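Subject: Structure handover

Hello,

Here is the structure I said I would pass on. My notes follow below it.

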Amino acid sequence: MSEPTFTLDGREIPFAAGQSVMQAALAAGVFVPHLCYHPEFRPHGSCKLCTMKINGRHATSCTTPAAAGLEVESDTPEIQDKRRTLLQMLLVEGNHFCPSCEKSGECKLQALGYELGVLTPHFNLLYPDRPVDASHPDVLLDFNRCILCELCVRASAEVDKKSVFALAGRGIRKHLIVNAESGKLGDTDFALTDKAAQVCPVGVILPKKCGFCVPIGQRRFDAAPISQHVDEFKPVAIPGERA
Amino acid sequence: MNQHDAIQAVLARHGNDGTRLMQILRETQEALGWLAPETLTAIARGVNWPRAKVEGTASFYSFFHTRPLGLYRVLWSDNITDRMLGSVELMQAMCQKLWLEPGRVSEDGLVSVDATSCTGMCDQGPAVLVNYRAVTRMTPERVDRMVELIRSRTPLADWPQDWFRVEDNVRRSDILLGNDMVPGDALRACLARGTESTLNEVKAAQLRGRGGAGFTTGLKWEACRNAPGKTRYVVCNADEGEPGTFKDRVLLTRQPDLVFEGMTVAAYAIGASKGYVYLRGEYRYLLESLNSALARRREAGLLGKNILGRSGANGGFDFDIEVHLGAGAYVCGEESALIESLEGKRGVPRNRPPYPVTHGFLDQPTVVNNVETFAAAALIALRGGDWYKSFGTPRSAGTKLLSVSGDCERPGIYEYPFGVTVQQVLEECGAGVGTGDTQAVQISGPSGITLGPDEFGRRIAFEDIPTAGAFMIFDLRRDIFDVVRNFIHFFAHESCGFCTPCRVGTTLLKNLVDKIAGGHGTRSDLNEIHNINRVLQAAAHCGLGHTAGNPLAHTLEKFRPAYERRLKSLEFEPAFDLDAALSQARQMTGRDDAGAHLANELETPR
Amino acid sequence: MNAPLPRRKLRVATTSLAGCFGCHMSFLDIDERLLDLLELVEFDRSPLTDIKHCGTRGPCDIGIIEGGVCNAENVHVLQEFRRNCKILVALGACAVNGGLPAQRNHLDLRDILATVYQTEAGLAQGTQIPNDPELPLPLNQVHPIHEVVKVDYFLPGCPPPADAIWKFLTDLIAGRTPQLGHGLIHYD
Ligand SMILES: Cc1cc2nc3c(=O)[nH]c(=O)nc-3n(C[C@H](O)[C@H](O)[C@H](O)COP(=O)(O)O)c2cc1C
Ligand code: SF4
Ligand code: SF4
Ligand code: SF4
Ligand code: FES
């Protein structure tokens with residue numbers, strides 16, 4: 001029996017039962033812009049970068065189950081334009097000064113900006129006041145760059161079983177907090193080896209004592225644009241999920 | 001009782017159950033005044049949740065405070081209808097008399113004054129909440145008196161009781177508000193009929209949800225009944241957060257039995273044994289009366305074990321209802337966010353599918369319906385689907401409660417069969433009488449639709465203008481731009497912050513509208529508004545974000561001059577006030593020469 | 001399809017506002033291609049010329065701005081450029097999003113001035129906040145230039161690579177919408 005398929009920008013995409021539109025696309029080698037998706041975690045659906053037009057309606061491809069016969073559009077000027085706007089929203093929401101960011105060249109937000117040709121934040125910058133937390137011996141938290149994707153929250157709760165991170169506040173005041181009455185990472189049981197220390201798509205959770213270990217220009221997305229890294233984003237079994 | 005004992009008592013009352021965190025936090029705050037860092041730590045330990053998760057919930061809701069906000073906390077309802085009745089000036093006067101800035105606590109820790117989203121008293125504003133108790137019909141005299149009572153630290157119990165009176169203002173009744181059902185009669189009819197045919201009557205009635213989305217109730221109940229699960233839940237959505245809506249408040253005041261009976265009917269039809277009423281925090285004052293109504297029903301055998309004497313292996317029917325209070329978050333009216341909140345979490349809408357009918361409260365099949373939907377369901381259970389369907393229009397069965405407010409002589413609740421024209425409502429509530437013609441009506445709240453006079457012939461019905469019930473009237477004295485600005489501020493304040501487009505986009509919209517209000521808007525700002533709105537509509541996660549730009553879109557189409565007369569003719573204006581941006585440097589250097597100022601417009605070319 | 005080459009040389013003006021001249025240095029890094037460029041353009045007001053105001057010798061075609069807006073003087077210069085240039089380009093991180101100078105934006109300017117001129121240890125006796133009317137006053141916050149005037153094109157980077165500047169300008173001069181592509185778009 002042949003695998004069921006749907007069409008994505010005119011191309012037939014096969015999928016396995018339980019896969020999302022996005023997982024199927026990635027498995028077929030089609031890059032899908034994303035920030036809150038991570039192959040080892042359940043979809044979150046918050047960044048909205050993966051939005052596509054599915055059977056004529058906009059929807060996040062990371063949360064939409066693949067189904068036979070779906071007509072999906074992704075790489076259209078209209079959708080790419082909306083994705084650019086979303087990136088610009090994230091760029092003005094935080095304080096992104098890439099020249100001094102250790103994550104530059106490895107950062108998905110930045111890489112997607114390059115990929116989609118975002119040349120300006122466009123909107124008026126909000127310049128929020130977000131202090132840095134340097135209380136932990138091995139890890140620095142620079143909240144200025146947090147895009148609130150909750151990957152660290154999920155990794156710490158689901159993999160590390162520590163729940164070091166959570167979100168507080170609402171709306172534009174929403175922000176990341178750590179699990180301590182003092183509010184300081186140094187007062188938690190967080191460790192550099194935690195899964196939560198590995199998943200941040202941007203430059204918030206950074207190992208200390210490593211300033212520019214990999215020189216700028218030789219970093220992950222310097223060599224090849226993020227769209228050529230599609231193999232790294234292909235679906236894998238999610239720990240704790242039934243197959 | 002000391003702090004520790006107070007917290008432990010609350011925890012014990014709720015069985016140290018984290019899913020009851022909302023109630024735990026509220027009761028602790030009622031006992032201790034605020035939620036201090038060590039209080040949150042103690043609660044987290046008590047419910048055995050990570051502390052950060054407890055703080056995450058506490059910081060999400062407007063009515064929980066993690067810093068002290070005074071012995072007296074006064075919150076002015078900030079709906080446009082309150083503003084039209086003078087709330088802004090009254091709040092200013094109150095702040096001046098108390099030597100306060102809005103949002104700040106007085107130095108002696110006595111009092112804070114701030115604004116809050118619509119409190120659902122639009123027909124008797126301007127309204128405030130004092131320590132989360134509703135006070136209606138504020139006047140300059142009441143402000144003076146209230147300031148005195150606060151200064152003299154008079155307990156709320158000794159304040160004039162008349163202030164706390166909330167009127168029902170029922171102006172027109174029909175089958176729902178005019179019913180004289182004896183509590184239990186609808187249930188008796190159901191039990192005689194059986195579950196299957198009870199469901200069939202609701203389906204035959206073609207009842208559609210009254211909370212806004214208009215989903216067919218019978219189908220929802222059926223899907224829930226058929227979904228596999230350990231148990232099932234019935235949830236009544238009494239969050240009523242849409243500005244301009246207050247009909248659920250009146251139903252819960254006048255007809256609590258009808259609502260509870262409708263919930264019990266639903267429980268019977270789907271096989272649920274537990275129900276919750278999610279009551280918005282603004283209606284805290286209703287809690288005691290609702291609880292006594294529930295107690296009465298238990299005594300009468302209409303709730304609890306073996307309802308109406310039904311016991312035994314196949315006939316037994318057990319069901320009980322509990323009232324849960326929200327804490328100031330409009331988004332919790334969205335059904336999946338409501339369920340998250342019921343579970344003690346941040347009120348963030350879930351990813352769907354799965355839907356609540358299969359995976360709802362505690363992951364079990366759950367029916368969520370609006371207060372009015374349950375009330376109508378009780379009537380249907382009593383008198384049958386065909387009877388109900390004979391009211392309204394062929395595609396919109398039954399009646400609808402409208403919450404009428406704004407520029408009219410008789411604001412209040414109007415029950416009409418579906419199909420009534422906007423014009424008829426305007427005439428019957430005395431709109432425009434003596435104040436000039438009606439220029440616009442906002443139907444179903446900020447997320448609804450703005451109608452101009454040439455559309456007043458349209459009908460309230462699912463097939464024409466669907467509505468959750470708000471009906472706000474603006475006559476020619478009003479500036480439509482002020483209305484829109486108020487609505488956009490509301491959405492920015494109430495965005496839950498989960499998804500990028502709404503979290504950031506609503507704030508960007510707010511900044512643009514404020515820029516236009518400040519006289520610095522240009523045509524390019526209007527284009528920007530359209531742009532952001534398109535992204536909200538396409539990419540937002542829930543209805544709040546999808547509709548947040550509606551007031552702008554509708555009024556830019558229908559009331560464009562309201563914007564244009566504020567625009568600069570220039571194609572571009574700075575995002576901020578250039579001259580004001582030098583204010584701090586002027587202050588520090590003491591300079592005031594010509595070079596210490598900037599013209600806000602491009603200098604004319606030489 | 002190539003656009004026809006312009007018949008007259010395009011007038012280009014450049015300036016550095018709250019910037020470090022790094023973008024101008026990167027511009028000069030296009031090296032010998034500068035000579036090719038001079039076949040196509042002539043410079044108006046610019047650190048490369050001694051013309052004091054742009055527009056005094058006729059309108060400019062392209063204005064290139066390095067740096068963000070941090071004081072009243074920056075506002076005047078930027079407005080002068082906008083008035084006199086048909087196309088305005090934000091060159092580099094500071095012009096595009098405020099860059100390094102904007103890192104002060106979460107601090108209150110009054111606190112900054114007080115610290116620097118009044119409370120900092122080791123200040124000379126009698127040091128006070130300069131209030132000479134000749135000096136431009138700083139703005140409460142640093143702003144990217146698109147918040148003050150309309151900007152037509154943006155070329156990010158700290159600084160943008162010389163190749164990016166070359167590609168951008170040659171596209172623009174030839175009448176094409178500038179396209180950068182991988183390796184030429186940089187935020188750092
Ligand atoms: C932002 C938002 C707020 C809502 N607020 C309410 C509300 O206050 N009351 C309500 O009944 N439904 C509200 N809804 C609709 C609910 O999600 C849900 O559709 C409704 O409760 C279902 O009940 P019904 O079918 O009886 O209308 C809201 C929806 C959204 C998106
Ligand atoms: S997180 Fe990414 S976008 Fe933000 S400053 Fe760092 S590299 Fe730049
Ligand atoms: S710190 Fe990083 S992983 Fe965590 S929410 Fe922020 S951006 Fe996401
Ligand atoms: S649209 Fe707004 S309210 Fe809805 S999930 Fe997104 S941020 Fe939250
Ligand atoms: S990747 Fe789908 S919403 Fe973030």
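The contact between the two chains takes 23 residues from chain C and 26 residues from chain A. Please keep in mind that this is a predicted model.

Interface of chain C and chain A

Together the two chains bury about 2,100 Å², of which 63% is on carbon and sulfur atoms. On the chain C side, His182(C), Tyr187(C) and Asp188(C) lose the most area to chain A, and together they account for 35% of what that side buries. The rule finds 0 salt bridges across this interface. Polar contacts do occur: the count is 8 residue pairs, both residues at pLDDT 80 or more. Among the elements of chain C, α4 (93-97) and β6 each supply at least two residues of the side that touches chain A. By type, the residues of that side divide into 11 nonpolar, 10 polar and 2 charged.

Helix α3 of chain C

Helix α3 covers residues 72-84 of chain C, 13 residues in total. From its first C-alpha to its last it reaches 19 Å, close to the 18 Å expected at 1.5 Å a residue. At the N-terminal end, Asn71(C) acts as a cap, with a side-chain oxygen 3.1 Å from the backbone nitrogen of Glu73(C).

The buried residues of α3(C) are Ala72(C), Asn74(C), Val75(C), Val77(C), Leu78(C), Gln79(C), Glu80(C), Phe81(C) and Arg82(C). Their cover includes five strands of chain C: β1 (10-16), β3 (60-66), β4 (69-71), β5 (85-91) and β6 (138-143). Strand β6 therefore appears in both parts of these notes: it is part of the cover of α3(C), and it supplies residues to the side of chain C that touches chain A.

Regards

Note on methods
Residues numbered from 1 in each chain as written. Chains lettered and ligands numbered in written order. Predicted model: local features only at pLDDT ≥ 70, side-chain atom pairs only at ≥ 80, totals over all residues. Heavy atoms only, no water. Helix = DSSP H or I, 4+ residues; strand = E, 2+ residues; numbered from the N terminus. Expected span 1.5 Å × (residues − 1). Buried < 20%, exposed > 50% of the residue type's maximum accessible area, 1.4 Å probe, protein only. Contact = heavy atoms within 4.5 Å. Polar contact = N/O pair within 3.5 Å; in protein donor to acceptor, adjacent residues only side chain to side chain. Buried area = accessible area lost by both parts, 1.4 Å probe. Salt bridge = Lys/Arg side-chain N within 4 Å of Asp/Glu carboxyl O. Nonpolar A, V, L, I, M, F, W, Y, C, P; charged D, E, K, R; others polar.
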